Amino acid sequence: MKIIEMTATFGKLHKAALRPGPGLTLIMASNEAGKSTWCAFLRAMLYGFPQRDRDKSGYLAEKNRYQPWSGAPMEGTLTLKWQGRELTLYRGPKGTTPWGAFSAVWAATGEPVAELTAENCGETLLGVSREVFERTAFVSQGEIALSPSGDLEKRVAALATSGEEDVSYSQVERRLKDWLNRRRANARFGLIPELEGELSTVESALARQGSLLRQAQEAQQEKEALEAKKARLEAQLQAHAAADQAQQAEKHKQAQAEYAAALTDFQSAEKAAHTLPSTEALRQAQGDLAYLNTLIANLKLAEKAVPEAKDRAEAAEKAVGDDPFFSSWETAQAAAKAQLDHDQALRLEKKPSLPLFLLLGALLGAVPGLLLAFAAPQPLVQLGFSLGLMEGCIVSPVTMLWILLPCALLGALAGGLACLLRDKSRAKALHAILSQYGTQTPQDILHRSTEYSRKVSAAQEAQRELQAVNAERDKLSAQKEELTAQLLLFVHPFAPEVTDRFGISAALSRALQQGERYHLAKTKAQAAEKLLSALPSPASGESRPLLTVAPQGDATHLAAQLGAVNGELTRVSDAAARLQGELRSLGDPAELEARRSQLLEQLELRRGEYDAITAAMESLKTADSLLRERFSPAVNDKAGAYLSALTGGKYNKAALTRQFQALAQETGEAAPRQDLALSGGAAQQLYLAVRLAMCELALPQAEPCPILLDDALDAFDDQRASLALTCLLETAKTRQVLLFTCHSREKTLLAGKNVTILGE
């Protein structure tokens, strides 16, 4: 099969066309130009989109990933040559289903290709399934390595045997494992564990039935023994009941007499106490009396405190009046005057500065000297000239000094005298202020004012205390009179002779005693009545039961024994009933035995199947090893030849494991290396060699399918890229090869070769 032309509205492609040549075609395009999209488009045209492909976290389904960027419907055509004729495939939208429409027609006649459908198109044209195509001839970007595939394994097995592709080793092994797991997955799951579990349950039920039957018989025997013991105890208790009945009759007679006496005492006490207040009222009155005594004691204390408070108030007033400095002043006025005198005394206390006065005197004395020097009389000037002290009309410095110095000294003496006179005057004024208060320092003036304020405050506090004591005495006296009157009013109805608080106390005590006698008599009468009503009254004419059995033992102990026996009898009866119910729930023993036999037969059958499947899996492994021994050498030899050509002979052997992992052996080395131990470029060359070998051996050769390589040579250096292109040119002699690249290196290396170059 050869591709003639592709037109696509697919992903970023919009009505784009691609026409590869018959052999090797190099398609050059920059990044994001749509190279990978063309590869995905070809695969989608051949095989459609996977049915179960869904969006997931970090992944878009193909049908959503390649929605046209232009917003146009997703559609495309593929013209190819197959079986010597040209045909055209079309896929596009169908209703709301993208890529739902499909058609395949012969290009010459336009007639449908009957054997092609949307589902089998790719497999019919290429001769392999999508899985095999993706793992051999379709190398998408960054996915050159192989992954396990059941379809590819079936293809390999078919080539190694008769050509049948119905089964693969992994699928058969998976089915045998499923059958094996169906019988025994582990100790808990599978048909065999289920049968073993059910057999264990049946055998446990049979064993349980035997145990329950023995327990039921033992429970029945214990029940009969308890019923006999119960009958003996009941007979003894009946004898005690007859004796108790006789005693109860005597007790009833005695209780009736006691009730009559208690009722008489109660009626007498009730008559004596009918005029008394309630006990609560009497207790309240006693409390009021105790409070009255407290009031009287407090009143005595208050009357004693009045003269003491009066004396303190008079003494405080006298202390205020006797103050030698502020006796006629208000406290605020006294404080203001004291503060004023204090401040004035502080100012007078500061002494004038003698140096300052001397300096001022000297300065003032120098002023007349200057005037004298510049306005000197004629005789002095002449004297100055004769002595050489003056020149012309200008006073010389020496003359100036002789004039100013005496004047400054005289001024300084005058300033010192003025300072002494001022200091004496200030000291006299300070003494006059301090002598008014009899103090030595200005601070003591404020102390005198503070002391006077304290005396005034003490006098005011003493006066308030006197008023409070008088008010408290009057209040207590009024409360005493009021409470005394209330108590007399309370006791006069049952003690009219009482006139003072001592009589009140006695009357209340007598009333409480009478009330207590009344309540005691009432309680005794009620208790006697209750006892009489609690005792059964013997019916008139009723005969006492005859004692057929003499009562033995203690009735209470016998009753306790009977209660214990009844409890044990209930327990044993319940246990017997439960055992019978459990026996019935376990079913018929004969049916259980029959089911046990069936389970043993089924278990033996399943175990035989398990052993047979195990043997089949061992045989399958042996057969698979034999098949691989037949096919693997061919694949490994072909892959080794390609790898040697791709690496310039550095590696000469290649191998493929059961898990489709490739191994490479360097020339001259004894052991192969895993792909993970190789460099990135060497690993890609290894897998390219394996893919080329698989294409040659596993794909149909009558209609060789094209090989698509999307940036497959990116990791190759220039030398190995040249070697790879040589291999691809050789492969292109028998099948079409489409090589997509974003580099210009391949174009340079292929210059002058028989290739088709598209793009840049």
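Charged residues make up twelve of the lining residues of the largest pocket, next to seven nonpolar and six polar ones. This is a predicted model, by the way, and the pocket in question holds about 730 Å³ of space. In total, 25 residues line the largest pocket, and a run of them sits nearest its centre: Tyr-47, Gly-48, Phe-49, Pro-50 and Gln-51.

Where does the lining come from? Three elements each put at least two residues into the lining of the largest pocket: helix H2 (62–65), strand E6 (97–106) and helix H4 (130–134). Of the contributors, E6 gives the most, with four residues.

Now for the runner-up. The second largest pocket comes in at about 570 Å³, and its lining counts 21 residues. Nearest the centre here are Arg-43, Arg-65, Phe-138, Ser-140 and Glu-143. By class, the lining of this second pocket splits into eight nonpolar, five polar and eight charged residues. Which elements supply it with at least two residues each? Those are H1 and H2, and H1 has the largest share, with five residues. Helix H2 therefore turns up in this story twice, as it also supplies at least two residues to the lining of the largest pocket.Here are the two pockets side by side.

| Pocket | Volume | Lining residues | Top contributor |
|---|---|---|---|
| Largest pocket | about 730 Å³ | 25 residues | E6, four residues |
| Second largest pocket | about 570 Å³ | 21 residues | H1, five residues |

Away from the pockets, the backbone has a couple of oddities. Most residues other than glycine have a negative phi. Lys-15 goes the other way, with a positive phi of about 50° although it is not a glycine. Glu-32 also has a positive phi, of about 65°, and it is not a glycine either.

Where do these two sit? Lys-15 belongs to strand E2, which covers residues 13–18. Glu-32 is found in the loop between strand E3 (24–28) and helix H1 (35–47).

Is Lys-15 buried or exposed? Lys-15 counts as exposed because its relative accessible area is 67%, over the 50% cut-off. The call for Glu-32 works along similar lines: Glu-32 is exposed, with a relative accessible area of 72%.

Notes. Residues numbered from 1 in each chain as written. Predicted model: local features only at pLDDT ≥ 70, side-chain atom pairs only at ≥ 80, totals over all residues. Heavy atoms only, no water. Buried < 20%, exposed > 50% of the residue type's maximum accessible area, 1.4 Å probe, protein only. 1 Å grid on protein atoms, 1.4 Å probe; cavity = no way out; pocket = protein on both sides within 12 Å on 5 of 7 lines; lining within 4 Å. Points joined across faces, edges and corners; volume = space filled by probe spheres on them. Nonpolar A, V, L, I, M, F, W, Y, C, P; charged D, E, K, R; others polar.
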